[in-house]
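Q: Please take a close look at one part of this model for me, and then work outwards from there. I do computational chemistry, so give me the cut-offs as you go.

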Amino acid sequence: MSAVTAGVLEPCQGVLVVGDQVRWDGNLYRVAMLRGSMVHLEPEPGTPGVARLADVSLLAAAGRFELAAERTMVVPDLPSTDLLAGLAEHAEQDARDWEAHIIECHTGLMPGRTVPRAGYDPAATTLVQRYQAKSAELAEQGAEVSWQTIQRKRLRWVEQGLWGLVDKRHTRCATAFGRVDARVVDALRAIRRKEAEDRESPGNGKRLQERLERYVSDHAKDWGGDVPRLPSKTTFYNLLVKLGIRPRRHAHLERGGGRKPSTAYTPTLASRPGEAVQMDTTDLDVMVIGSFGQPVPVELVLAVDVATRSICAAVLREKLTAEKEPRRSRAKGRRSRRGKKQAKRRVLRRGRAHKGIDCALLLGRMLVPEPMRPTWPQRAAMTSSRMPHQRLIEIDARLGQATARPVITPKHVYIDQGGPYISQTFLDACASMRIVVHPCRYVTPTDKSVVERTILSVKTLLAQHLKGYTGGDPAHRGRGTAAGPLFTLYEANEILQQWIVFGWQEREHDELRDPQVRGRALTPNEKYTACVATAGYLPVPMDADRYLSLMNTAFAPVTDQGIEIDHRRYDSDELGSYRHTPSGLKRTPKWMIRHDPYDLSRVWLCDTRGPERRWVPALFTDLSLIGGPFTQDMWEAARQQHLSEGGRKEDQDAVARLTADLLARASAGPKTLRPELVAAPPPLLGARPPLPGDQLDLTGLPPLDPATVQPFGEFDPDEDENTYTIGHPHFQAVARRPAQPRPSKPAAAPLTVQEAARIKGLGNAEDDD
């Protein structure tokens, strides 16, 4: 409705004037007088109301007050001036200039003037005449504007205010995909999500464009016949760049971008060590010498503490795919009929990767101090660091000989949906240690972003500097990566443990800042020290009983030959009282046996009949043939080789000799090793507490003094052969062996074809000499 008619100002909406009829509390009133903000209301004739005097603000706030005439007392719905905040300065200035011209046409007065100019007096001109006068004025200034345009602008100004005078060409928001239809973009993203869910191999852009055409054709009915226009080839590829889609690298790059959660990002916060620990597994992009003596890739399993950014524990595991015997062709006599089931190929080598037991043992490594190596510098020890070692050594004396890696007891562990982490073995280990497990959302790596970023740091700070680095993309892999000298799996593990102490725990972290010193970044060890002081955190390292409870479990009886697990026999003198004796367990009369898949040289029998559990160790009976600890993978590889030669699973001695041969081949590492790796301790993978049955550790003894060594002298067969002397100052003693009858030699195992050929070759060589 026009606010000016025939030169007389009419009351605008939202204005109360004298003579208006209003309704209040169900009665009709007439506005008799206005004085300031006070309104005098007189009741209409014939109504029961009485005269009232009220404040206009109270009347407007009352829900029972309204205008009874055609005009309703409402506040005009004008847009906020905040919309002008995003406009360019020239666009806003043009709108304000037009507002001054429109106000003069509307009221007859230019803002800032008290007398109307000629041709704009409302008492002598109409609105159309003022429109025409303004059009002529603007034409003289060089702006050709018709009076109809000025009229449309005034009507928009009355309805929308200043926003109605803004040139809407300046308010168009640019999209990330240009002028392409938004439905095409949604269809393209739907196709990519479907490819990610189906785990398809990446293809080129041509395949993606063809799928887009089929998708639009299949969903034409859903759009009611309004099919969006497909972009051209050039526009399509430009659209892929704008949307960050790389068809050929879908499995590696775009997968992370497509898994971003739709909710807001929330940083993972923790104030105490162990309050939040994130675990993950990834390929380290490094080739090492595996159990078969051949180059194999490795996986990195690690746990990171959120509060201190410390790597609580990390270990490398080899990763292999299964190998089966080749298919026999028809030319070799294999029958093949249509519809007939083919014969199953024999497995020559089993595939391997990290398992639930690896994740469970990693929890044990977190609670066990990392021992110092004899050749590591002293500054790597915890006693030389800034960590509160004095308080920690009082709790566990092992920390005095440990490296500067904090022992952190996890309270909450965040894992992904990987099979090893949701396995019953890992969940039972967490339950026994009273650890709360938090599974992250499926394919959402941002839920554990701390460990994801730490993995990238391990690859950039360590992996790419190792011999045998393959790179993250096979296209960038060097041709001589597997041909050059490589580290063994144990040596690569030792390098990783040393790098954690020197290259990570003592390195400043950007996420760890000192609130008292501006720009001061802390190391993980310094942050750990600060958290121990402020949060009152004091870890309790793991003992042998809790560590053994994390290992694999088997149930077997104790016979005269000892304990047999997976066709391996274990025995010891301490098992004498357990032979042919029931365990006392409710579920089975067999005894519960714990064994480490990465050290099968011994097992532990669990005796639960007393008030406290007792662990009885037993050694592998053919350990002398192998010469040292061996893993489950090595044993399986040797057994598969023995079976391929026509042997049986029960041939323990033959499998043990093949395992020793595998260890000899695997120990042939690179020719140029670091000195600290040459003198490394035996490959008992991972730190662990002292366990029952462990051999005496001679690494902590002082250096041998030749002057204190007593020579043996010449051998005299007439003297007592059971007397011998040990010359080390720590073992000055003369021991006497009890005289025992010599046992008869066991029957020799049958020679294999390879051993017979080797002996025959040695005999021929002696004849030649």
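A: Let's start with an open sheet of 6 strands, ordered β15-β18-β19-β20-β17-β16 and paired in the antiparallel sense. Its edge strands are β15 (552-556) and β16 (563-565), each of which pairs on one side only. On average, neighbouring strands in this sheet are turned by 35 degrees against each other, with direction ignored. The axes behind that angle are lines fitted to C-alpha atoms (for helices, over the stretch in contact), and angles run from 0 to 180 degrees between N-to-C directions.

Keep in mind that this is a predicted model: local features need pLDDT of at least 70 and side-chain atom pairs count only at pLDDT 80 or more, while totals for chains, interfaces and linings use all residues. Residues are numbered from 1 along each chain as its sequence is written, and side-chain values use heavy atoms, with hydrogens and water left out.

Zooming in on the β16 edge, this strand pairs with β17 (568-571) through 3 antiparallel bridges. Two strands count as paired if DSSP finds at least two bridges between them. Glu-564 has Arg-569 in β17 as its bridge partner. Strands here are DSSP runs of E with at least two residues, helices are H or I runs of at least four, and both are numbered from the N terminus.

Over at the β15 edge, Asn-552 lies 8.2 Å from Thr-425, C-alpha to C-alpha, although the two are 127 residues apart in sequence. Thr-425 belongs to helix α11 (424-432). With a relative accessible area of 37%, Thr-425 is partly exposed; the scale is buried under 20%, exposed over 50% and partly exposed in between, with a 1.4 Å probe and protein chains only. Beyond its neighbours within four places in sequence, Thr-425 contacts Gly-356, Ile-357 and Ala-360, where contact means heavy atoms within 4.5 Å.

Asn-525, in helix α14 (524-535), is buried at 4% relative accessibility. Its side chain makes polar contacts with the side chains of Gln-505, at 2.8 Å, and Glu-506, at 2.8 Å. A polar contact is a pair of N or O atoms within 3.5 Å; within protein, one must be able to donate a hydrogen and the other to accept it, and residues adjacent in sequence count only if both atoms are side-chain atoms. The wider contact list for Asn-525, leaving aside neighbours within four places, also takes in Met-387, Ala-404 and Pro-406.

There's another open antiparallel sheet, with 5 strands in the order β6-β5-β4-β3-β7. β6 (52-55) and β7 (65-67) are at its edges with a single partner strand each, so one side of each has no neighbour in the sheet. Here the average turn between neighbouring strands is 40 degrees, direction ignored. Inside this sheet, β4 (27-35) and β5 (38-43) run antiparallel and share 6 bridges, with Arg-30 bridging to Glu-42 in β5.

Last stop, helix α4 (147-160). Its buried residues are Ile-150, Lys-153, Arg-154 and Trp-157. They sit on the same side of α4, because they cover an arc of only 100 degrees around the axis, taken from the directions from the helix axis to the C-beta atoms. These residues pack against α2 (89-107) and α3 (127-140). Just past the end of α4, Gly-161 adopts a positive phi of about 80 degrees.
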